[in-house]
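Here are some short exercises to help you find your way around a new structure. Try each task yourself first, then read the worked solution.

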Amino acid sequence: MTKDVEEGFYWYWLNNIPRVGNIKIHNLLDRFKSPKNIYSASFKDYTQVAKISINDAKQIDLAKKSEYIYNDYKKLIKSDMNFTYPVSNDYPKALLNLNDYPVNLFYYGKLADENKPIVSIIGTRECTNYGRKIAYEFGKAFAKMGIQVISGMALGVDYYGQKGAIDNGGYSLGVLGCGVDLCYPRYNYDLYEKLKIKGGVLSEYKPHTPAIPASFPMRNRIISGLSDAIVVVEARRKSGTKITVEHALENGKDIFVVPGRIGDELSYGCLEMLSDGANLILEPADICKCERVKEKLFNSSQSKTISSQNTQFRHNSLNSPIASPRNMVYSELDLYPCSLDDLVKKTGLPLSNVVENLLELELEGLVEETAKNYYAKIQIS
Amino acid sequence: MYSCINCASVYGLDAFLVHVETDVSLGLPDFNMSGLLSSEVKEAKERIKVAIKNSGFKLEPQKIVVNISPADIRKDGTGFDLPIALGILAAVKILNLDAIKDTLCIGELSLDGSIKGVKGILPCVLMAKDKKIKNVIIPKENEAEGLIVEGINIITANNLRECVKLINEGLPSNPINRTYSLDEEEEDDNTRLYNCFSEVKGQISAKRATMIAVAGMHNIMYIGPPGSGKTMLASRIPGIMPDMTRDEMLQVTKIASISGNLIKCKGLVKKRPFRNPYHNITTSALMGGGVYAKPGEITLASKGVLFLDEITEFDSKVIEGLRGPLEDRRVRVSRLNYSYDYPADFMLVAAMNPCKCGYYPDKNRCHCKENEIKRYIGKISNPIWDRFDICIKTNEIKFRDIYEDNNNEENNKGELSTKEMKEKILAARKIQLERFKGTSINFNSQMDSKMVNKYCELKEKEQKLMEKFYEKKRLTARGYTRILKTARTIADLEGCKDIQWSHISESFSYRSVNE
């Protein structure tokens with residue numbers, strides 16, 4: 001065993017003692033300073049640590065002799081999965097600011113470069129077409145600006161934000177609430193595979209750990225810990241997104257919120273955050289209002305001109321000023337999908353005419369059918 | 001003494017001639033029946049003995065043997081009571097056997113001797129006419145049904161005593177005035193039988209899609225939130241179908257007769273069938289089946305509409321079973337010894353919610369995740385989706401729709417009524433009939449790929465656009481032909497000879513959600 005591997009083992013061992021969770025681990029670390037010291041300490045020493053009962057101390061003693069932990073660790077070292085711990089070089093320094101920083105991290109791909117800005121895009125799992133579009137466009141714009149996007153690889157906003165970054169040559173890190181060798185949710189397999197190659201997948205849970213509800217708030221604290229700024233796209237009144245935001249506020253991170261319409265369920269959480277004093281973000285370049293992001297952007301060699309990235313967000317109307325049926329149909333559309341019947345009513349055109357124009361607009365890539373007979377604009381204008 | 005009386009039994013949709021042979025001879029008093037009989041036929045012996053006694057005839061205790069031939073086909077139903085009773089009476093010389101040589105008798109006997117109605121009279125009378133039998137004696141209850149068949153002497157009787165008297169006095173010819181025959185009511189506007197489409201508020205696109213579907217006999221799927229009028233739309237479909245021809249009516253009446261739906265009916269069924277089985281239906285109830293096969297819902301819906309509401313809730317095996325009948329327009333129910341062919345020439349109409357909660361894409365109410373929605377849609381297999389040429393979203397009715405339509409006559413102008421729709425459909429059907437003259441099909445939806453190439457030729461401009469869309473939307477060959485077929489129907493509705501781009505684009509908007 002080399003020194004690194006041996007050091008790693010102590011950290012791994014510390015994280016795998018039955019009945020000893022994150023809080024107890026941090027109490028132990030406070031007293032003994034390093035896992036190696038804990039390993040070599042005696043039964044009596046343990047019992048003097050806060051929150052460690054006699055039973056816990058017995059477990060720690062037993063765990064020292066456990067072959068399972070050792071064998072698991074050997075397997076882990078041999079596998080292609082990366083393992084890191086707080087004193088290791090690749091451990092993200094930003095996480096050490098957390099009171100209960102994870103003592104083990106497992107990941108595939110590579111971790112985010114802390115010299116470049118890291119922004120997380122988070123939001124509801126059941127997003128609307130609007131949220132989907134915005135998340136994707138923000139991810140895309142951030143990728144082009146050289147900003148790294150992190151998120152929880154969940155359905156909805158997380159997925160589209162990360163996909164926007166990965167698909168457009170950017171870096172993205174998915175933080176999972178299960179072992180990194182599992183793809184949860186399974187539905188996001190395409191993103192998971194891409195992240196493994198072009199970005200990274202990170203988790204504090206050891207391989208094969210299934211996803212349980214309790215692990216997601218813990219995951220959220222890593223997301224907020226890693227990121228310089230947080231962009232919230234859509235959130236309900238009661239939302240897991242808020243946990244991430246609260247964590248972030250505790251750690252002094254900047255929150256940016258994409259506004260939505262008043263009255264929409266999925267915008268309620270966002271509007272609430274805005275009224276509580278979160279920053280408003282109207283286009284991706286607004287992220288530079290965050291000092292930390294701005295600093296890192298200008299420091300990094302990749303700093304590109306920011307203003308040119310946002311053509312997507314300029315008003316983009318069709319060229320002809322005449323009210324042709326095509327323009328009439330197009331002008332009635334926005335990012336919120338509109339039903340065919342409503343379009344017929346709004347434009348006053350016959351159904352076949354509306355459909356014909358919609359199809360043409362679709363062929364030109366200006367309109368998409370988001371659900372059966374529901375249409376929305378593709379470009380944000 | 002020996003006697004032989006004609007009777008009939010139903011096999012599949014048609015009847016066959018049955019001889020009831022009776023022998024009454026000296027010996028130990030006994031009553032034996034043979035000839036592969038089901039239990040309701042065997043039970044007849046108790047009924048008959050009592051009925052004969054209660055009708056005032058006296059039987060000596062003798063040995064009675066009844067055989068119903070052909071003895072190798074299973075016979076069921078209660079229609080044999082009357083011929084058996086008459087056979088016994090003839091064998092003991094109470095009845096004049098010669099007088100009913102050329103007569104077919106059907107009827108169930110009650111203990112007091114009265115004759116009750118039975119199922120399947122129409123096919124039996126039709127068979128009698130085919131076999132050139134002159135007279136048919138049927139229960140009074142089935143009079144209207146029997147009278148549908150012309151050119152045969154229909155005699156009805158209320159009870160056994162009356163029946164025997166009629167026979168002994170010589171059967172009268174055409175004793176019943178055929179007052180409620182079809183011709184008198186034919187002038188009637190059939191649209192009155194159905195509810196009008198103008199009662200459906202809003203749903204502009206769904207109504208148009210319905211019209212197109214009926215014009216080309218395309219199967220249609222409504223997707224929409226609960227309470228948006230899917231069932232309302234579906235139940236009005238028979239009303240916009242063209243009136244049935246006499247042959248069609250005869251077939252529908254025959255099916256209704258066999259399944260026992262005709263007892264209270266007067267003459268031919270003129271209303272197109274609309275069947276909406278619930279989602280707890282079994283495969284055999286839908287397809288037809290049972291130990292002794294009976295027609296199922298798809299046969300009962302023949303020439304009309306089979307409406308599967310909440311199609312996602314049906315057992316998937318039941319739905320998959322529809323694949324064959326939808327292609328062949330008939331269903332074969334096979335049993336070890338025999339198989340029945342039933343017609344299944346129906347238009348399939350289905351309705352479902354867009355997701356589990358029903359409100360997608362209204363995200364204010366729908367909490368379903370994307371994969372949940374996909375899974376919900378995926379409850380219907382692709383082969384079944386392929387059979388729906390038209391798929392349309394129905395929208396929730398807003399208060400404004402109801403309010404404005406009720407208060408503003410002008411708005412009602414745009415609303416399609418059953419009458420208008422029917423006229424357009426008739427015109428489109430006429431074009432199709434001409435097109436498919438000499439082929440085995442009648443409607444655009446039934447075209448195979450060869451015919452699609454022949455009748456749905458595209459002009460250069462349309463071809464180019466189609467190519468572009470084919471690539472972009474990654475259509476399959478099957479999806480492509482389906483779009484062309486629907487486009488053909490839309491062109492027919494508009495009275496256009498060639499398929500234009502607007503027809504194709506409209507047809508695109510009706511493609512199914514899983515594409």
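**Exercise 1. Get to know chain A.**
Task: Find how many of the residues of chain A count as buried, and describe the chain as a whole.

Solution: Keep in mind that this is a predicted model. Start with burial: 45% of the 381 residues of chain A count as buried. Next, list the secondary structure, which comes to 16 helices and 12 strands in chain A. Then look at the extent: a box of roughly 85 × 40 × 40 Å along the principal axes holds the C-alpha atoms of chain A. Finally, turn to the contacts in chain A with a separation of 6 or more; 69% of them join residues 24 or more positions apart.

**Exercise 2. Follow a sheet.**
Task: Work out the order of the strands in the open sheet of 3 strands in chain A.

Solution: Reading across the sheet, the order is β10-β12-β11, and the pairing is antiparallel. The edge strands are β10 (338-339) and β11 of chain A, since each pairs on one side only. Now take one pair: β11(A) and β12(A), residues 374-377, are joined by 4 bridges in the antiparallel sense. Within this pair, E368(A) stands opposite A376(A) of β12(A). Last, see what lies on the sheet: α16(A) packs there and touches β11 and β12 of chain A, with its direction at about 105° to that of β11(A).

**Exercise 3. Map the side of chain A that touches chain B.**
Task: Say which element gives the most residues to this side of chain A.

Solution: Begin with the counts: 24 residues of chain A are in contact with 30 residues of chain B. The elements of chain A that give two or more residues to this side are α12 (265-275), α15 (340-347), α16 and β11 (367-371). Of these, α16(A) gives the most, with 6 residues. Sorted by class, this side of chain A has 12 nonpolar, 5 polar and 7 charged residues.

**Exercise 4. Zoom in on two helices.**
Task: Decide how α16(A) and α24(B) are oriented to each other.

Solution: First find the helices: α16 spans residues 351-363 of chain A, and α24 spans residues 501-508 of chain B. Their axes come within 8 Å and cross at roughly 80°. Angles of 65 to 115 degrees count as roughly perpendicular, and α16(A) and α24(B) are therefore roughly perpendicular to each other. Now name the partners: S352(A), V355(A), E356(A) and L359(A) of α16(A) meet W501(B), S502(B), S505(B), E506(B) and F508(B) of α24(B). By class, the residues of this contact are 4 nonpolar, 3 polar and 2 charged.

Key:
Residues numbered from 1 in each chain as written. Chains lettered and ligands numbered in written order. Predicted model: local features only at pLDDT ≥ 70, side-chain atom pairs only at ≥ 80, totals over all residues. Axes fitted to C-alpha atoms, helices over the stretch in contact; angles between N-to-C directions. Parallel < 35°, antiparallel > 145°, perpendicular 65-115°, else oblique. Contact = placed C-beta atoms within 7 Å. Nonpolar A, V, L, I, M, F, W, Y, C, P; charged D, E, K, R; others polar. Buried ≥ 20, exposed ≤ 12 C-beta atoms within 10 Å, placed from the backbone. Pairing = 2+ DSSP bridges.
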